[in-house]
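User: Could you take a close look at one part of this model for me? I would like to see how a single helix sits in its surroundings and what lies around it.

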Amino acid sequence: LASSGSANLLELLKIFAYGTWSDYTGVRSHSAHIARLDVFIAHSRAQQLGPLTPAQATKLKKLSIVTLTSRSKSLDYSSLLSELEMPSVRALEDLLIDCIYEELISAKLDQQAGRLDVRYSVGRDLHPSELAQMSEQLTHWDASSRAVLDSIREKLNVYKAYCESANAKAAELNQNIEEVRTKLRAQQEEAEGGVLGSYDGEMDFDEDKLRKSGRTKAKYAMGVGPRK
């Protein structure tokens with residue numbers, strides 16, 4: 001496409017992917033003595049790429065706000081007015097409010113200070129020149145993540161060993177408690193068996209005495225007794 005008749009469309013697609021309004025207009029300098037040259041370049045750039053519809057222009061300006069807020073957490077109205085070529089502060093604030101409601105950015109408008117305070121913004125496609133930096137950041141993030149995972153894994157192993165030791169001690173304690181209970185139960189049963197056996201023997205002895213006494217009384221009643 002770059003060498004075909006659709007090269008301008010490809011360039012526009014790149015601008016909408018990761019570019020800004022100034023990439024479309026070509027206006028980047030705010031110096032007074034270069035202003036007229038910037039206007040000339042802007043007209044040439046816009047004519048080369050082709051005009052945008054009002055909806056396309058608004059969309060590109062919103063995407064530009066996303067890019068600008070990703071670079072700085074505080075943006076002056078003056079810089080935004082110049083960067084986006086907005087006709088008035090009111091128009092700029094309306095555009096910023098639309099970005100906030102569409103959740104493209106999370107920010108607060110400080111009208112008194114004429115400033116936009118940014119909390120965060122959504123991501124956009126990367127410019128090819130930013131790929132090396134992003135790759136470096138991802139490599140650093142990967143190394144940090146691996147270090148965190150190793151630390152978590154080590155702590156989990158320590159905790160697992162602690163749990164296993166605690167469970168073993170608990171099982172040993174329960175076994176000791178059960179052995180003591182069994183021993184106490186056996187001693188109690190043995191003691192109760194001895195008392196009951198003694199009581200049964202006394203009962204048998206008393207019954208024998210009663211029987212003998214009863215037989216003796218019966219003999220005397222019948223006139224039978226020991227010889228004198």
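User: Which residues of α5 are buried, and what do they pack against?

Analyst: Happy to. In this predicted model, the buried residues of α5 are Y77, L80 and L84. Around the helix axis they span an arc of only 65 degrees, so they sit on the same side of α5. There is a general reason to expect such spacing: an α-helix has 3.6 residues a turn, so residues three or four places apart point the same way.

From that side, the buried residues of α5 pack against quite a list of partners: the helices α2, α4 and α6, together with the strands β1 (74-76), β2 and β3.

This brings us to the largest nonpolar core, a set of 26 residues in which Y24, L96 and L116 are those with the most contacts inside it. The elements giving two or more residues to this core include α5 (77-84) itself, along with α1 (7-18), α2 (21-25), α4 (54-71), α6 (89-101), β2 (105-110) and β3 (115-121). Of these, α4 gives the most, with 5 residues. As a general background, nonpolar side chains in soluble globular proteins tend to be buried together.

Now follow the chain out of the helix. Just after α5 comes E85, with a positive phi of about 55 degrees, although E85 is not a glycine. Most residues other than glycine have a negative phi. E85 belongs to the loop between α5 and α6, and at 39% relative accessibility it counts as partly exposed. The loop at the other end of α6, leading to β2, holds E103. Here too the residue is not a glycine, yet its phi is positive, at about 60 degrees. With a relative accessible area of 62%, E103 is exposed.

To place all this in the whole chain: the protein has 7 helices and 3 strands, and they run α-α-α-α-β-α-α-β-β-α from the N terminus on. Of its 228 residues, 19% count as buried. Among contacts between residues at least 6 apart in sequence, 58% join residues at least 24 apart.

For a contrast with the buried side of α5, have a look at helix α7 (residues 131-221), where V148 lies. V148 joins L149, I152 and L156 in making a nonpolar surface patch of about 360 Å². V148 itself is partly exposed, with a relative accessible area of 48%. Over the protein, about 17100 Å² is exposed, with 57% of it supplied by carbon and sulfur atoms.

Key:
Residues numbered from 1 in each chain as written. Predicted model: local features only at pLDDT ≥ 70, side-chain atom pairs only at ≥ 80, totals over all residues. Heavy atoms only, no water. Core = buried A, V, L, I, M, F, W, Y, C linked by side-chain atoms within 4.5 Å. Buried < 20%, exposed > 50% of the residue type's maximum accessible area, 1.4 Å probe, protein only. Helix = DSSP H or I, 4+ residues; strand = E, 2+ residues; numbered from the N terminus. Arc of directions from axis to C-beta. Contact = heavy atoms within 4.5 Å. Patch = residues over 30% accessible without salt bridge, like charges linked within 9 Å, V, L, I, M, F, W, Y side chains within 5 Å. Areas by Shrake-Rupley, 256 points an atom, 1.4 Å probe, with all protein chains shown as cover. Salt bridge = Lys/Arg side-chain N within 4 Å of Asp/Glu carboxyl O.
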